[in-house]
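Hi,

Here is the structure I promised to pass on to you. Have a look at it first, and then read on for what turned up.

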Amino acid sequence: MSKKGKYEVLKFTCIPVETDADGKYQLKLDPAGNAKLHVWRIGKHTKGKYQGPGQLLMTENNLTAVILAAEPLAFKDRHSETPMQRFLTTRVDDDVLQQGLAQLK
């Protein structure tokens, strides 16, 4: 593929979120209280800009997830991860981010 068709690819480690009764985002936990980590990547048609950990993204299946970590992904390896749809401008509260980062370890 020519340089013109290439784009920067980042892969994101995320946890799905849901809103509580107050409309705030909380980690989606299983009955044992654990969150499941998922990985998504920037796709060619991903909308928005990455701003940092704690930012929300929307997957192509309209699932909202919080970004915990980002790392570069080689363009040639991009098909090993699922593309995401868009970055949201919304962020989770710091306590929710810290809870997610604890799950990352």
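Let me start with Leu 97, which sits in helix α1 (residues 94–104); helices here are DSSP runs of H or I with at least four residues, strands are runs of E with at least two, and both are numbered from the N terminus. Please bear in mind that this is a predicted model, in which local features need pLDDT of at least 70 and side-chain atom pairs count only at pLDDT 80 or more, while totals for chains, interfaces and linings use all residues. Residues are numbered from 1 along each chain as its sequence is written, and side-chain values use heavy atoms, with hydrogens and water left out.

Leu 97 counts as buried because its relative accessibility is 9% (buried means under 20% relative accessible area, exposed over 50%, partly exposed in between, with a 1.4 Å probe and protein chains only). Which residues does Leu 97 contact, leaving aside its neighbours within four places in sequence? They are Pro 53, Gly 54, Ile 67, Leu 68 and Val 92, where contact means heavy atoms within 4.5 Å. Pro 53 is 44 residues away from Leu 97 along the chain, yet their C-alpha atoms are separated by 7.7 Å.

Leu 97 also belongs to the largest nonpolar core, which has 11 residues: Ile 15, Val 17, Leu 27, Ala 35, Leu 56, Val 66, Leu 68, Leu 88, Val 92, Val 96 and Leu 97. (A nonpolar core is a set of buried Ala, Val, Leu, Ile, Met, Phe, Trp, Tyr and Cys residues joined through side-chain atoms within 4.5 Å.) Two or more residues of this core come from each of β1 (10–19), β5 (64–72) and α1. There is a second, separate core of 10 residues, with Phe 12, Ile 42, Ile 67 and Phe 87 among them. Back in the largest core, Ala 35 touches Ile 15, Lys 28, Leu 29 and Gln 103, not counting residues up to four places away in sequence.

Strand β1 deserves a paragraph of its own. Of its 10 residues, 8 are buried, so that β1 is mostly covered. Two strands are taken to pair if DSSP finds at least two bridges between them. β1 pairs with β5 in the antiparallel sense over 7 bridges, and Ile 15 has Val 66 as its bridge partner in β5. With strand β3 (residues 38–41), β1 runs antiparallel and shares 4 bridges; there, Cys 14 stands opposite His 38. The pairing of β1 with strand β2 (residues 25–27) is antiparallel too, over 3 bridges, and Val 17 is matched with Leu 27 in β2. The hairpin of β1 and β2 has 5 residues between the strands, and Gly 23 takes a positive phi near 85 degrees in it.

Now for the whole protein. It has 1 helix and 6 strands, in the order β-β-β-β-β-β-α along the sequence. Its radius of gyration is 14 Å, close to the 13 Å that the globule rule gives for 105 residues, so the protein is as compact as a globular protein of that length (the radius is taken over C-alpha atoms, and the rule is 2.2 Å times the number of residues to the power 0.38). The C-alpha trace spans about 50 × 25 × 20 Å along its principal axes. Of the 105 residues, 36% count as buried. Among contacts with a separation of 6 or more, 75% are between residues 24 or more positions apart.

Last, the aromatic rings. The whole structure holds 4 aromatic pairs (rings of Phe, Tyr and Trp, the last by its six-membered ring, pair if their centres lie within 6.5 Å; planes under 30 degrees apart count as stacked, over 60 as edge-to-face and the rest as tilted). One of them is Tyr 7 with Phe 75: the ring centres are 5.2 Å apart and the planes at 85 degrees, so the pair is edge-to-face. Tyr 7 lies in the segment before β1 and Phe 75 in the loop between β5 and β6 (82–91), so this pair ties together parts 68 residues apart in sequence. Tyr 7 is partly exposed at 21% relative accessible area, whereas Phe 75 is buried at 16%. Phe 12, Tyr 50 and Phe 87 form one aromatic cluster.

Best wishes
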